Amino acid sequence: MTTDNSKTGVGQGLDQAAKAALLRETMPFKTVPDATLRRIADLAKEETLPAGTRLYNEGDRADDLFVIASGKIEHALGPEAEASKLVKMVKRGDVIGWAALLSTKQRRLATTVAEADTQILRINAQKLRDLFQNDQQTGDMVMSRFATMIKEDYTLPDWLAKTRSIGEGTVARSEAEVPVSESRLALLGYRLGLWVKSPKPYLMITGFTAVLLFWHFSVDVFEWPRFRNMPGLVEVITEWLSRDPIYGLSVWTPEYYTHIIVSIRRVFIAFLLATALGVTLGLFMGWSKGVREFVFPVFETLRPVPILAWVPLAIIIFFHPESTVIFLTFLASFYATALNTMLGVDSIDESYSRAASCLGANKWQVFRHVIVPGALPFIFTGLQISVGVAWFSLVAAEMVSGEFGLGFVINTSYTMVKYPTIVIGMITLGAVGYTTSAMVRMLGDHLMQWRVRELAMGGR
Amino acid sequence: MSAVMNKPGKGSQNLKVNSAEMRVEGVSKSYGIAHLRENVVHNASFVIEKSKLTVMIGPSGCGKSTLIRLLAGFDKPDSGTVTIDGKPVKGPDRDRLVVFQESALFPWMNTYDNIMYGPRARGEVDDETKALAEFLLDKVGLTQFRNKFPSQLSGGMQRRAELARAMINFPRVMILDEPFRGLDAMTKELMWEYYAGLYEESRRTNFFVTTDIDEAIFLADRLLIMTNIPTQVRAVLEVDLPRPRNLKELLESDRANEIKMEALGILHEEAMKSFSSGSAAASDFIEAYSKRVKKKG
Ligand SMILES: Nc1ncnc2c1ncn2[C@@H]1O[C@H](COP(=O)(O)OP(=O)(O)OP(=O)(O)O)[C@@H](O)[C@H]1O
Ligand SMILES: [Mg+2]
């Protein structure tokens, strides 16, 4: 049996039974009844492609589909085909060229080149369709098997698809109440239990111990050149807890607390201002395109300017040291909060606002009931960053101006060569800063109980 | 609660409202600009008949959700008109409620607050509304879950909560965009029964979009079959099966199978066209086909 296609050679003459047997091996034709399969075999023309022959190119007109009988063909889909694998090798039993079966737009989606001498069956798609027209039942079945075959190329890898459907299935099927403890205390206890059982606390302790040991050994034991002049661990602890501190500052001296309180007060005021203004500005920037276009460029220009660069201007403007410090502390927090809030509004799925307006909410109600709560998770992420940043800037500001505060302690101790006091100031700063950001996190969890529960269910 | 249940007249009477008819006439809609511009809806015309459940079925990505945005008023057609009882649609309004393809329950509100959101937003909370909320909570089987947040509900419960949240507002037209997509087969069938029950009780105008032929036939009074993108109505089938319907009877009913085969025949042609237009369409085609083969086998 030969073909009139000049590109290809002459086959060795497979008979109808051999063709039918080959078709039987393919995915789409596997379940076709014998009689129909023989008729398809009659449509199939055998051809031999020498190695290197190009069977078809992407974009060519598609008239035929092909079954590989022997040899191998490289099948390369165009990059826009969204396939899971673009290039694959097809061999005996594989079927290619299914684009010919589409009733419109019959264009090749791939380029195929014979990798070795290859024997193929060429089946005219129009004739195949005509055949199926008279046997719709079989036609549907073949088409569906084609579809399954194609799906394997076009969608997620199987194992991934499976894991996903298992996940979704369990959620959908569990009509029963999900056992989540109502009591916050119980939830807290549960989490604490988990935490103690997890490696986390032990790693944390190990981390602190390692740093302290390093400090102690490098300064006091080995006396490494660069570390020798640093205050040692023992010296600092002794000074810190001493009733009669050599350098005048310890947990027993009232000034220690004055410094802490002054710093906390400044951070508190700056943080409140930054939150009030930052959240408001962020919400409006996210909500209204007009406000954003108006404000955002200015905002983004000012944001990279470091706090220290603001110092001279701040002093000129505010003059009073207290206000100067608060302003400088405020700035960076304000940026962090505003930016995160804006991103929070962006993150809200549009379907929530649509649902609200469908249900009769006016614009202002959408803002209060959807935009604000929807942005809350991002706002609180922003606030946690913002407290951290506030302490950061506070120290910078206090070093420049002001008469009290932890930053002031660190700076004056340096000029007055009270090295252990510097470290006391640093450690105190760290501890107080950590506490404030933990408080912000707890406030957030309290306000967003719907999320706490979400997270608790996620096993966190 | 039980007081309301004992007076079935009251609650279910409440669900009866003045339905409206919607008309889509010569509507076209494109997205994108210049050579990226894609015509999604092309000269589509159809009627969503008053007090009927009209189901729209079409290949994935053909433009069904786009049409819903036009019906709801979130988007405006490039040409043509969308009217409700003869008045042009200007924007979203409570007389047309949309239940979205993806869950749009507010994650920060519990079930009860979600359901009550519409009346509260409009300042229309009275004893009657509260009683209706209880009635609906019971109707969709969520009374025990009134204080749960959406993340604590299963997929099926979330869909039912959304139905209740829409029903409480007496919409004149209810529009649902593949509300049961992604649910497992069992839950899905349960949802069909819930939903069909709610519809039969209220007989308000419903417009339901799906890609699932069994869902379509089980629910529809009228079935609109859409062409591939750019979409328009390809065929309208009257699904003249008696109500209330029962899934088992429907499977055995010759008339139901006849309608299904007719619809599938048309869908088949559209799906063949959609084959070349990408993976999503191909997988939809596969879905329809594997289903058809399964049922026959
Ligand atoms: N806002 C938009 N901007 C640009 N293109 C869009 C937009 N909305 C929809 N489209 C395009 O319109 C086509 C139809 O989308 P649509 O969501 O209406 O389909 P659908 O029939 O609802 O599909 P599915 O069954 O998967 O939900 C898609 O090709 C999509 O890319
Ligand atoms: Mg859609």
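Visitor: Which residues come nearest to ligand 1?

Guide: In this predicted model, Ser60(B), Gly61(B), Lys64(B), Ser65(B) and Thr66(B) come nearest, out of 15 residues around ligand 1.

Visitor: What makes a residue count as near ligand 1?

Guide: One of its heavy atoms must lie within 4 Å of the ligand. An N or O atom in the side chain of Ser60(B) is 2.7 Å from an oxygen atom of ligand 1, so Ser60(B) meets that cut-off.

Visitor: Why is the pair between Ser60(B) and ligand 1 called a polar contact?

Guide: The term needs a pair of N or O atoms within 3.5 Å. Ser60(B) offers a side-chain N or O atom, the ligand offers an oxygen atom, and the distance is 2.7 Å; therefore the pair is a polar contact.

Visitor: What is the distance from an oxygen atom of ligand 1 to a polar backbone atom of Gly61(B), and to a backbone N or O atom of Lys64(B)?

Guide: For Gly61(B) the distance is 2.8 Å. For Lys64(B) the distance is 2.8 Å as well. Both values are within 3.5 Å, so these pairs are polar contacts too.

Visitor: How much of the accessible area of ligand 1 does the protein cover?

Guide: On its own the ligand has 630 Å² of accessible area, and the protein covers 65% of that.

Visitor: Which elements of chain B each supply at least two residues of the shell around ligand 1?

Guide: Strand S2 (38-48) and helix H3 (64-72) do so. H3(B) gives the most, with four residues. By type, the shell has four nonpolar, six polar and five charged residues.

Visitor: Which residues touch the most other members of the largest nonpolar core?

Guide: They are Phe207(B), Leu219(B), Leu223(B) and Ile225(B), in a core of 158 residues. Helix H14 (residues 363-400) of chain A gives this core its largest share, 15 residues.

Visitor: How do you know that Phe207(B) is buried?

Guide: Phe207(B) belongs to the core, and a nonpolar core is made of buried residues. Buried means under 20% relative accessible area, so Phe207(B) must fall under that value. Leaving aside residues up to four places away in sequence, Phe207(B) touches Phe46(B), Ile48(B), Ile68(B) and Leu176(B), among others.

Visitor: What share of the residues of chain B count as buried?

Guide: The share is 59% of 297 residues. Chain B has 12 helices and 10 strands. Among its contacts between residues at least 6 apart in sequence, 71% join residues at least 24 apart.

Methods
Residues are numbered from 1 along each chain as its sequence is written. Chains are lettered from A and ligands numbered from 1 in the order in which they are written. This is a predicted model: local features need pLDDT of at least 70, side-chain atom pairs count only at pLDDT 80 or more; totals for chains, interfaces and linings use all residues. Side-chain values use heavy atoms; hydrogens and water are left out. A polar contact is a pair of N or O atoms within 3.5 Å; within protein, one must be able to donate a hydrogen and the other to accept it, and residues adjacent in sequence count only if both atoms are side-chain atoms. Accessible areas come from the Shrake-Rupley method with a 1.4 Å probe; for residues, only the protein chains shown count as cover. Ala, Val, Leu, Ile, Met, Phe, Trp, Tyr, Cys and Pro count as nonpolar, Asp, Glu, Lys and Arg as charged, and the others, Gly among them, as polar. A nonpolar core is a set of buried Ala, Val, Leu, Ile, Met, Phe, Trp, Tyr and Cys residues joined through side-chain atoms within 4.5 Å. Buried means under 20% relative accessible area, exposed over 50%, partly exposed in between (1.4 Å probe, protein chains only). Contact means heavy atoms within 4.5 Å.
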